[in-house]
Amino acid sequence: MFDEFIVKIKQVSTLLILSYNEASTIKNVLENYSDHFEYLIVLDDRSTDNTSELINSLDNEKIIYHRNKKNMGAGKSFEIGLKIFNQLDSMHLIKIDGDD
């Protein structure tokens, strides 16, 4: 389902991933779909895996990384993601959860 949808979007889109221990999902998105979005917002809800290490090891200007100071849950994390998105020059926001 995600594959079919992502092919339809172009460079005017921002992807928002709400992440809790989803480093493998983030890596997959970057490896397979980075040509299909302008920005990737990773909203890390205090992951205990290597999410922060993965992001910090990448030299990718498309990535906007935010790590919550404490675990806040999906709802609050989404609000933070919207605030970040509203500061960008991007037309569409596509939200995926790490387990999509």
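Helices and strands here are DSSP runs, numbered from the N terminus. I am working from a predicted model.

**Entry 1. Elements of the chain**

I began by listing the secondary structure. The chain has four helices and four strands. Read from the N terminus, the order is α-β-α-β-α-β-α-β. I then looked up the totals. The chain has 100 residues, and 41% of them count as buried. Its accessible surface comes to about 6000 Å², with 48% of that belonging to carbon and sulfur atoms. I also checked how far apart in sequence the contacting residues lie. Among contacts with a separation of 6 or more, 71% are between residues 24 or more positions apart.

**Entry 2. The sheet**

In which order do the four strands stand in the sheet? I read it as β3-β2-β1-β4, an open sheet with parallel pairing. Strands β3 (63–67) and β4 (92–97) are at the edges with a single partner strand each, so each has one side without a neighbour in the sheet. On average, neighbouring strands are turned by 20 degrees against each other, direction ignored.

I went through the pairs one at a time. Strand β1, residues 13–19, is joined to β4 by six bridges, and the two run parallel. For a landmark in that pair I noted S13, which is opposite H92 in β4.

Two helices pack on the sheet. Helix α2 (residues 23–33) touches β1, β2 (39–44), β3 and β4, and its direction makes about 160 degrees with that of β1. Helix α4 (residues 73–86) also touches β1, β2, β3 and β4; its direction makes about 145 degrees with that of β2.

**Entry 3. Strand β2 and its two partners**

Next I followed β2. Six bridges pair it with β1 in the parallel sense. I marked two positions in this pair: L15 has L40 as its bridge partner in β2, and S19 has D44. Between these strands the chain passes through α2, and the β-α-β crossover from β1 to β2 is right-handed.

The pairing of β2 with β3 is also in the parallel sense, over five bridges. Here L40 is opposite I63 in β3. L40 therefore serves me as a marker in both pairs, with L15 as its partner and I63 on the β3 side. The unit made by β2, helix α3 (residues 51–57) and β3 is a right-handed β-α-β unit.

How many of the six residues of β2 are buried? I found five, so the strand is largely enclosed by the rest of the structure.

**Entry 4. Strand β1, covered or not**

I asked which residues of β1 are buried on each face. On one side they are S13, L15, I17 and S19; on the other they are T14, L16 and L18. Both faces are thus covered, and the count for the strand is seven buried residues of seven.

I looked at two residues of β1 in detail. L18 is found in this strand. Its relative accessible area is 9%, and the cut-off for buried is under 20%, so L18 counts as buried. From C-alpha to C-alpha, L18 and D45 are 7.4 Å apart in space, although 27 residues apart in sequence.

S19 is also found in β1. It is buried as well, with a relative accessible area of 2%. Which residues does S19 touch, leaving out those up to four places away in sequence? My list for S19 is I26, V42, L43, D44, D45, S47 and T51. Of these, D44 is the bridge partner of S19 in β2.

**Entry 5. Nonpolar cores**

Last, I looked for the nonpolar cores. The largest has 15 residues. Those with the most contacts inside it are L15, I17, I26, V29, L30, F37 and L40. Each of β1, α2, β2, α3 and β4 supplies at least two residues of this core. Which element gives the largest share? It is α2, with five residues.

Another core lies apart from that one and has seven residues, including L16, L43, I80 and I84. I compared the two cores with the faces of β1. L15 and I17, listed for the largest core, are on one side of the strand. L16, listed for the other core, is on the opposite side.

Definitions and conventions
Residues are numbered from 1 along each chain as its sequence is written. This is a predicted model: local features need pLDDT of at least 70, side-chain atom pairs count only at pLDDT 80 or more; totals for chains, interfaces and linings use all residues. Side-chain values use heavy atoms; hydrogens and water are left out. Two strands pair if DSSP finds at least two bridges between them. Axes are lines fitted to C-alpha atoms, for helices over the stretch in contact, and angles run from 0 to 180 degrees between N-to-C directions. Contact means heavy atoms within 4.5 Å. Buried means under 20% relative accessible area, exposed over 50%, partly exposed in between (1.4 Å probe, protein chains only). Accessible areas come from the Shrake-Rupley method with a 1.4 Å probe; for residues, only the protein chains shown count as cover. A crossover is right-handed if, with the strands pointing away from the viewer, the path from the first strand over the helix to the second runs clockwise. A nonpolar core is a set of buried Ala, Val, Leu, Ile, Met, Phe, Trp, Tyr and Cys residues joined through side-chain atoms within 4.5 Å.
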